[in-house]
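Thanks for making the time today. I would like to walk you through one structure, with the sequence and the model on the screen, and I will take it in three parts.

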Amino acid sequence: MHRRSKRAFYITTPIYYVNDVPHLGHAYTTVAADVLARFKRLDGYEVFFLTGTDEHGQKVEKAAQERGIDPKLHCDEMVTRFQSLWKKLNISNNDFIRTTETRHKVVVQKILQDLYERGEIYSANYDGWYCIPCERFWTEKDLNEGKCPDCLRPVNEISEKNYFFRMSKYQSWLIENIEKNDRFILPLSRRNEILGFLRSPLGDLCISRPKKRLSWGIEIPFDPEYVTYVWFDALINYLSGIGYGSDGDRFSTFWPEATHLIGKDILTTHTVYWPTMLRAVGLTPPKMVFAHGWWTVEGKKMSKSLQNVVEPNRLIDLYGVDAVRYFLLREVPFGTDGDFSHRGMVHRINGDLANDLGNLFSRTLSMVHRYFGGVVPAPTHPQEKDERLQETAAKVLSQLPKQMDDLAFHRALSSIWELVNAANKYVDETAPWSLAKNESDRPRLGTVLYCALESLRLLTLFLAPFMPSTSERMWTQLGMEENLWEQNFETHGRWGGLKPENRVTKPTPLFPRIDPSRISLE
Ligand code: MSP
């Protein structure tokens, strides 16, 4: 039989500024990208998952200056904070790109040179206003009472020569591209926001900074007095990270199959600058840009002090990595703003994880030990009830791919919990402990426990992208010998994959309950 070549899926996170340590917002996007990457791998896709760090520009230069150290040294130190957090969060990225790496710099310079030679970049004098924290130019009419319209901080008046990318000439192409593709910018409210923004004339994009003002950047190849604007540099990571110009095979496999996950604050750069830059380079825009919402903490904007309260390493130590991953994706629809509260977190752990899932797992495995010495019984006496459980499992599996394509993680999890609840109800109603009282009910008892175990095997598979380390533990305790990550939803997601005669281990609690009074905000 002719084997269909694998479908490709390319998923990215923003590359994070290394001016500061990673926070909950960074962890959020990265976990979401990881869940998608793991899901798509189990769904038979060839996946490339890229994350990394954005190391140039004023913010990083300033952070290094404040510490009195060389910017590169500062980056080398900070990058390890991101990398170790991703390890702790079980992030399965295929690569990690740093914009200070040569492999990235050569691509940026090659693109700049090429655009310059083709007249897509020109030099002109710039007279206007500049906001240092935002690293953005503004015209007089953009200003809000003389301040930066974005951050409302004071701006500086400047007049200097710079280089500009002819972004304006792509405006009508961009509008058309957004209009004809309703999945390019999601959620739809963000798409409308950008279409609204594009109703006003689009200017050209200043892509250089004079070295006398900022030296920490990639040198403009045709003018050594200038460095590249940090956003022009950073966006190109999505190309350099998959071997643009160096690994043709990898590049053509994954471009333009890209899904860029971003926060809502960096929507314009990803849906206006980025597609027009690609168009000028001669590349197709990415498949999708999805902007998620922002987290507040205990109802307040995430300030420096609140960042400590929800410092991701601390949350993992407090609650466990999978509870954190679960909470982030279950609590709020991706795309909507959400609030992190310790109460909410404890509520989810004690309810969904300990009571519903953990309990189902431990009572089922305990009964297999109590009544069958830990050996999986054969399902010899099926009844109609069993079929309904099977149907629920099949329904969940059939819904997952679309929910994940829509990045509706909360809906995917709530579907999976339909199976958790159905299995709990099944165990309650079939009451294996009563069946165990009569020897003549033993075949039925075996069948019931088989069905409960099989639901757990499927749940483990469905939950693997969300809670990888718990799922690995469940998989091992269910006595599954195959590697969990080599499973495939299509073949292994069907009912009946669990082999009778397998041995299950004694269950260990998956999610210990947390006493809410022990959680403090300090
Ligand atoms: N370096 C740029 C991205 C370049 S991508 C080519 C950048 N970096 S960042 O470190 O400042 O922010 C990264 C992401 O964190 C953004 O997507 C932003 O939305 C997200 N968040 C920052 N604070 C957040 C919350 N409070 N909640 C959720 N996400 C938040 O921007």
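If we sort the shell around the ligand by residue class, we find 13 nonpolar residues, eight polar ones and two charged ones. Please keep in mind throughout that this is a predicted model, and that each value I quote has been computed from it.

In total, 23 residues surround the ligand, and the closest of these are Ile-15, Asp-54, Gly-263, Asp-265 and Trp-295. Two of the residues I want to point out approach the ligand through their backbone: a backbone N or O atom of Ile-15 lies 2.8 Å from a nitrogen atom of the ligand, and a backbone N or O atom of Tyr-17 lies 3.2 Å from an oxygen atom of the ligand. With Asp-265 it is the side chain that matters here, since one of its polar atoms lies 2.4 Å from an oxygen atom of the ligand. Taken on its own, the ligand has 670 Å² of accessible area, and the protein covers 93% of that.

Which elements give two or more residues to this shell? They are strand E2, at 16-17, helix H1, at 24-42, helix H7, at 230-235, helix H8, at 237-240, and strand E13, at 258-263. Among these, H7 provides the largest share, which comes to three residues.

Let me turn now to the strands E10, E11 and E12. Strand E10, residues 208-210, runs antiparallel to strand E12, residues 223-228, and three bridges join the two; in one of these pairings, Ser-208 has Thr-228 of E12 as its bridge partner. Strand E12 also pairs with strand E11, residues 219-220, again in the antiparallel sense and over two bridges, and here the bridge partner of Glu-219 is Val-227 in E12. E11 and E12 together form a hairpin, with two residues between them. As a general reminder for anyone following the side chains on the screen, in a regular strand they alternate between the two faces of the sheet.

The last part concerns a single residue, Ser-415, which is located in helix H16, residues 409-430. Is Ser-415 buried or exposed? Its relative accessible area is 4%, and because that is under the 20% cut-off, Ser-415 counts as buried. If we leave aside the neighbours within four places in sequence, Ser-415 is in contact with Val-396, Gln-399 and Gln-403.

That is where I will stop, and I am happy to go back to any of these parts on the screen.

Terms used:
Residues numbered from 1 in each chain as written. Predicted model: local features only at pLDDT ≥ 70, side-chain atom pairs only at ≥ 80, totals over all residues. Heavy atoms only, no water. Pairing = 2+ DSSP bridges. Helix = DSSP H or I, 4+ residues; strand = E, 2+ residues; numbered from the N terminus. Near = heavy atom within 4 Å. Polar contact = N/O pair within 3.5 Å; in protein donor to acceptor, adjacent residues only side chain to side chain. Areas by Shrake-Rupley, 256 points an atom, 1.4 Å probe, with all protein chains shown as cover. Nonpolar A, V, L, I, M, F, W, Y, C, P; charged D, E, K, R; others polar. Buried < 20%, exposed > 50% of the residue type's maximum accessible area, 1.4 Å probe, protein only. Contact = heavy atoms within 4.5 Å.
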